[in-house]
Amino acid sequence: MKFLLRIGFLALISTWWVDGGMGAFTDLMVDLTLVKSAVAKGAVCLDGSPPGYHIQRGFGSGANNWLVDLEGGGWCSDKWSCQYRIKTPLGSSKYMEKIFFPAILSNRSEENPDFYNWNRVRVRYCDGASFAGEGYNKELGLYFRGQRIWSAVMEELMGLGMSSAKQALLSGCSAGGVASALHCDNFRALFRPQTIVKCHVDAGLFLDYVDVSGQRGLRSVFDSVVTFQGVAQNLPESCTSRMNASLCFFPENFLNGIKTPMFLLNTAYDTWQIENSLAPVSVKDGPWKFCRLNYTKCDSSQMEFLQGFRKRMITVAESFYQSKATNGVFINSCFTHGQSVLPGTWHGKDYPSIENKGVAQSVGDWYFNRSKVKLIDCPYPCDTTCHNYVS
């Protein structure tokens, strides 16, 4: 799947190049801004380097609106995984460079019709705990300062004009989606009461689900992240007061307590969870060897297992939607991970849809109150709109 997604992305880039020339291509590249003042506050990446973000200023009717997107990229839960990350952009700003702003971050109205002219920000992810850790490992020289990074970057953005925003949207994908959920109410608290503030979680609905070997592997990973990085103190008290803190890193256990309006975007067959949680690497040489990487290789019993996962996903989404009238849901039946950050899945002709509504339109309809959005797809293989990103 990863190979095919890369091919799809390169094909899309080629389309931009042909249609718009080099200018259209390079307009989507955005410089990195380091928050150097954050170092004095201890708000640093795993290696102690300053955090960073990318920003494109809004214009026209969107000049006073803000979209803040939290980058994703998994987690680190022990000294080996965290030390590995400090040699990459996921652990050090020394390796960060310019990035593309596609999909929900695009400045092109044809690609991003509702948010293209807003102030759009991508906050880089370099702490390994969904912007929620707090601690320092002196022996290893590792800084677990995700919570401080969140605060420092938000403070800087407020000083750049976000404090007077008319409308604001906090977004995130994958580990960034978990971060968007965790920080949603705090984001709301930054603004004046009259500011319209909402949050968007893409591919962040990680489930505490029993894997094919009968274990709860992701629970073990999240427990290690929460313990190793000191995350517990920054998790929702409404959740930690009634269950173990590591379980409160699973959005399913705290989503319904979030007060700020939120949109939940996920696929019922999340490929990251299939490959890393449901049928992890530990079973790669067994009967799941091929199915875990390519759903067309799954037999009937394996597909039945995945349908059970889908049912659990829908149960959680239904409960979330019913918990607050201002919430929105889009759960389709494609095999992928993340749909608001990929140009080929966010918006366009013949892109993934439910009831003839694509992802971008659904998010926009919900944010601007054009309509209620509760879109839950039928089970695989009924959806014929997933052809743009076949696993």
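A polar contact is a pair of N or O atoms within 3.5 Å; within protein, one must be able to donate a hydrogen and the other to accept it. Asn119 offers an example: its side chain reaches the backbone oxygen of Ala63 at 2.9 Å. The model is predicted.

**Asn119**

Asn119 sits in strand β6, which covers residues 119–123. Is Asn119 buried or exposed? Its relative accessibility is 2%. The cut-off for buried is under 20%, so Asn119 counts as buried. Setting aside neighbours within four places in sequence, Asn119 is in contact with Gln56, Arg57 and Gly58. Its contacts also include Gly62, Ala63, Asn64, Asn65, Trp66 and Leu67. Ala63 is thus named twice, as a contact of Asn119 and as the residue whose backbone oxygen the Asn119 side chain reaches.

**Nonpolar cores**

In soluble globular proteins, nonpolar side chains tend to be buried together. Here the largest nonpolar core has 81 residues. Which members touch the most others? They are Val68, Phe187 and Phe249. Helix α8, residues 300–323, gives the most to this core, with eight residues. Another core lies apart from it, with 22 residues. Among them are Ile99, Leu105, Trp346 and Ile354.

Val68 has a list of contacts beyond its neighbours within four places in sequence. Val121 and Val123 are on it, and so are Met154, Leu157 and Met162. Leu169, Leu170, Ser171 and Phe187 complete the list. Phe187 also belongs to helix α4, where it takes part in the meeting with α3.

**Helix pairs**

Two packed helices are described by the angle between their axes and the distance between the axes. Two pairs are set out below.

| Pair | Residues | Axis angle | Axis distance |
|---|---|---|---|
| α3 and α4 | 146–159 and 175–189 | about 35 degrees | 12 Å |
| α7 and α8 | α7: 271–278 | roughly 115 degrees | within 12 Å |

The crossing of α3 and α4 is right-handed. Gln147, Trp150 and Met154 in α3 meet His183, Asn186 and Phe187 in α4. By class, this contact has three nonpolar, three polar and no charged residues. Met154 is also in contact with Val68.

The crossing of α7 and α8 is right-handed too. From α7 come Gln273, Ile274 and Leu278. They meet Phe305, Leu306, Phe309 and Met313 in α8. By class, six residues in this contact are nonpolar, one is polar and none is charged.

Key: Residues numbered from 1 in each chain as written. Predicted model: local features only at pLDDT ≥ 70, side-chain atom pairs only at ≥ 80, totals over all residues. Heavy atoms only, no water. Core = buried A, V, L, I, M, F, W, Y, C linked by side-chain atoms within 4.5 Å. Buried < 20%, exposed > 50% of the residue type's maximum accessible area, 1.4 Å probe, protein only. Helix = DSSP H or I, 4+ residues; strand = E, 2+ residues; numbered from the N terminus. Contact = heavy atoms within 4.5 Å. Axes fitted to C-alpha atoms, helices over the stretch in contact; angles between N-to-C directions. Left-handed = near helix turned anticlockwise from the far one by under 90°. Nonpolar A, V, L, I, M, F, W, Y, C, P; charged D, E, K, R; others polar.
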